[in-house]
Amino acid sequence: MSIRPDFLPFSVPGIDEDDIAAVTAVLRSGWITTGARAAEFEAAVCACTGAANACVLTSGTAGWHCVAQALLKPGDEVIMPAMTWISDANVVELLGATPVFCDVDPDTLLMTPELAEPLITEKTRILLPVHYAGAPVDLDGFRALAKKHNLILIEDAAHAIGTAYKGAPIGKTGTAIFSLHPIKNITTAEGGIVATDDPDLFAAVKRFKFHGIAKDAWDRYSKKGSGTVSGVVEPGLKYNLPDTLAALGTSQLKKLDAFNARRTALADQYDAAFADIPEILPLKAPPYPHVHAHHLYVVRLDSPKYTRDAFLAALREKNIGTGIHFKPAHTHPYYADKYPDATNHLPNTNWSGDRLFSLPLFPAMTDSDIQDVVSAIKDTLA
Ligand SMILES: *Cc1c(COP(=O)(O)O)cnc(C)c1O
């Protein structure tokens, strides 16, 4: 086989001239930090998802920090999948609370209510499932579980902008935290969104993301603002998304449907190709009605010939980039030291965690790029 001449990265952000024009217009405007463009982006997010309130911030991690700060006290427990990005656990640790790692379904790698329920104790406060790879978790099941045990359900929706569950976009009901990191389905370079229908939580997030002041600087300096400094009602941090990046977000959001349609078409091509490669095990779709955002195309390598890492090195030699989502949370050194027993009840996470990787998937990929990936995989396995 012939090796493609250029390296195919695992992800490339879809930035076009409209995006660049939107950002440069802000740079020329005289107001570059959080202001009218951030408010406009928040309104566009609400229109797109049906959310009652949206707060844009500097990262998804910042969004989770603001939410967790408002809801957790030291000693509380948060049930989350071990198959997630480590920021979910880090924030909980920093607040003196405890992450409780849950296993995932072996076919979808989604946390399920059935796997989470036995982990509930009198200390449990939050359920934090992840809409992994862009597929929604069983929200009816999690809502019922939260109600039954008087818990708060927070959705890690970092992969799920454009995902829908039983006809409703993620973010419309409850509290969902999106990420706008460059590999995510839309990007602001770095950024995040908290979408919530809880007005008290929304107010708490808005305060904590800006020093603990109930108003943004914009309200202070703009013509209609009061001109006076509002008081700090509690200590907060500095997580506001500047207008330069918010303008990029609004511009990107206009392309979300087209981006996700292209991701879906590419994922379909991978599905068809892997149907007859037994060593490559893609994820299955969850059984309930949903729209998949196809944030990641995750497969597991089940081969006697290769370890996952040796296989990825062989693909890199053939100019194919890949990612790993994720190294399970309980296997990071800090967590392995602190929670050594976690690994005993995570068989599905451990099995997939050793074998999984993410293939290139981004809207600008061509059909011939997909063929290059598939050929490189077939060639390596041959
Ligand atoms: C990307 C990601 C986050 C964090 O988002 P940032 O914007 O990078 O802080 C959280 N959870 C999951 C599952 C992610 O993939």
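Helices and strands here are runs assigned by DSSP, at least four residues for a helix and at least two for a strand, and they are numbered from the N terminus. With that in hand, you can find your way around this model, which is a predicted one.

Let's start with a loop. Between helix α11 (308-317) and helix α12 (333-338) there is a loop, and Phe 326 sits in it. What kind of peptide bond joins His 325 and Phe 326? It's a cis bond, with omega at about 15 degrees. Another loop to look at connects β8 (175-179) and β9 (192-196), and Ala 189 is found there. Ala 189 isn't a glycine, yet its phi is positive, at about 75 degrees.

Now zoom out. The protein splits into two parts: residues 17-256 make up domain 1, and residues 257-381 make up domain 2. If you take the C-alpha centre of each domain, you'll find the two points 25 Å apart.

So how do the domains meet? On one side, 42 residues of domain 1 take part in the contact, and on the other, 40 residues of domain 2. Put together, the two domains bury about 3,500 Å² between them, with 60% of that on carbon and sulfur atoms. Within domain 1, the residues that lose the most area to domain 2 are Phe 101, Asp 103 and Asn 185, which together account for 17% of what that side buries.

There's charge and polarity at this meeting place too. Between domain 1 and domain 2 you can count 2 salt bridges. Elsewhere in the tally, the rule picks out 30 residue pairs in polar contact across the interface, both partners at pLDDT 80 or more. Which elements give two or more residues to the side of domain 1 that touches domain 2? They are α4 (87-94), β3 (98-102) and β6 (164-165). The largest share comes from β3, with 4 residues. Sort the residues of that side by type and you get 24 nonpolar, 10 polar and 8 charged. For a salt bridge you can look up yourself, try the side chains of Glu 93 and Lys 338, which meet at 2.8 Å, N to O.

Last stop: a sheet. Three strands line up in the order β7-β6-β11 to form an open sheet with antiparallel pairing. At its edges are β7 (168-169) and β11 (290-291), each of which pairs on one side only. Follow β6 over to β11 and you'll see that the two strands run antiparallel and are joined by 2 bridges. To spot a facing pair, find Ala 164, which stands opposite Val 291 in β11.

Conventions:
Residues are numbered from 1 along each chain as its sequence is written. This is a predicted model: local features need pLDDT of at least 70, side-chain atom pairs count only at pLDDT 80 or more; totals for chains, interfaces and linings use all residues. Side-chain values use heavy atoms; hydrogens and water are left out. Domain bounds come from an automatic or database domain assignment. Contact means heavy atoms within 4.5 Å. Buried area is the accessible area (1.4 Å probe) that two parts lose on being put together, summed over both. A salt bridge is a side-chain nitrogen of Lys or Arg within 4 Å of a carboxyl oxygen of Asp or Glu. A polar contact is a pair of N or O atoms within 3.5 Å; within protein, one must be able to donate a hydrogen and the other to accept it, and residues adjacent in sequence count only if both atoms are side-chain atoms. Ala, Val, Leu, Ile, Met, Phe, Trp, Tyr, Cys and Pro count as nonpolar, Asp, Glu, Lys and Arg as charged, and the others, Gly among them, as polar. Two strands pair if DSSP finds at least two bridges between them.
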